[in-house]
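Here is a short report on one protein chain. It starts with the cysteines, then moves through the fold, the core and a handful of individual residues.

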Amino acid sequence: MTERYILLVGNHYYPTGWDDYVGTFTTVEKAKEQAQDYEDDRVYCQDYKWAQVVDKESMKLVCECWDFEALEHNAWVYAV
């Protein structure tokens, strides 16, 4: 299976480019699961605020979350 989805995670409310690159994943759900790990400050010692999943083939935004405190409550917004 091709790793089609790119996960970007940041601690500022504006993307800083590839510094926010986390990795590529085979499904959107796997990318979102990895983003959940970034919500846990104890693991990464940062105050991450947002995450975006991008489709590598179309280079379009698939979904994003701007409120990590609500991440466990399905705060993801899907692009139309």
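A search of the whole structure finds zero disulfides. Cys 63 takes part in none, and its nearest cysteine sulfur, in Cys 65, is 9.0 Å away. A disulfide needs two cysteine sulfur atoms within 2.5 Å. Cys 65 is therefore unpaired: its sulfur lies 9.0 Å from the closest cysteine sulfur, in Cys 63, too far for a bond. Cys 63 is buried, at 0% relative accessible area. Cys 65 is buried too, with a relative accessible area of 0%.

**Confidence**

This is a predicted model. Mean pLDDT for the chain is 82. A value of 70 or more is reached by 80% of the residues. Confidence varies by element. Helix 2 (residues 41-44) has the lowest mean pLDDT of the elements, 54. Strand 2 (residues 21-25) has the highest, 94.

**Fold and surface**

The chain has two helices and five strands. Their order along the sequence is β-β-α-α-β-β-β. The chain holds 80 residues, and 39% of them count as buried. About 5200 Å² is exposed. Carbon and sulfur atoms supply 49% of that area. Take the contacts between residues at least 6 apart in sequence: 45% of these join residues at least 24 apart.

**The core**

In soluble globular proteins, nonpolar side chains tend to be buried together. Here the largest nonpolar core has 16 residues. Those with the most contacts inside it are Leu 7, Val 9, Ala 51, Val 53, Phe 68 and Trp 76. Four elements each supply at least two core residues: strand 1 (5-10), helix 1 (28-39), strand 3 (50-55) and strand 4 (60-65). Which of them gives the most? Helix 1 does, with four residues.

Val 9 shows how the core is knit together in sequence terms. Leaving aside neighbours within four places, Val 9 is in contact with Asp 20, Val 22, Tyr 38, Tyr 48, Trp 50, Ala 51 and Phe 68.

**Strand 2**

Val 22 and Thr 24 both need a closer look. Val 22 lies in strand 2. Val 22 counts as partly exposed, at 23% relative accessibility. Beyond four places in sequence, Val 22 touches Leu 7, Val 9, Gln 34 and Tyr 38. Leu 8 is 14 residues from Val 22 in sequence, yet the C-alpha atoms are 5.6 Å apart.

Thr 24 also belongs to strand 2. Is Thr 24 buried or exposed? Thr 24 is buried, because its relative accessible area is 18% and the limit for buried is under 20%. Its contacts, again without residues up to four places away, are Glu 3, Tyr 5, Ile 6 and Lys 56. With Glu 3 there is also a polar contact between the side chains.

**Two lysines**

Lys 32 sits in helix 1. At 11% relative accessibility, Lys 32 counts as buried. Its side chain makes a polar contact with the side chain of Tyr 78. Not counting residues up to four places away, Lys 32 touches Val 53, Cys 63, Asn 74, Trp 76 and Tyr 78.

Lys 60 is in strand 4. Lys 60 is exposed, with a relative accessible area of 56%. Outside its neighbours within four places, Lys 60 is in contact with Val 53, Val 54 and Asp 55. Ala 79 is 19 residues away in sequence and 8.6 Å away in space, C-alpha to C-alpha.

The two side-chain polar contacts are listed here.

| Side chain | Partner side chain | Distance |
|---|---|---|
| Lys 32 | Tyr 78 | 2.7 Å |
| Thr 24 | Glu 3 | 2.8 Å |

**A backbone exception**

Most residues other than glycine have a negative phi. Met 59 is not a glycine, but its phi is positive, about 60°. Where is Met 59 found? Met 59 is in the loop between strand 3 and strand 4. Met 59 is exposed, with a relative accessible area of 54%.

Note on methods. Residues numbered from 1 in each chain as written. Heavy atoms only, no water. Buried < 20%, exposed > 50% of the residue type's maximum accessible area, 1.4 Å probe, protein only. Contact = heavy atoms within 4.5 Å. Areas by Shrake-Rupley, 256 points an atom, 1.4 Å probe, with all protein chains shown as cover. Core = buried A, V, L, I, M, F, W, Y, C linked by side-chain atoms within 4.5 Å. pLDDT = per-residue confidence, 0-100. Polar contact = N/O pair within 3.5 Å; in protein donor to acceptor, adjacent residues only side chain to side chain.
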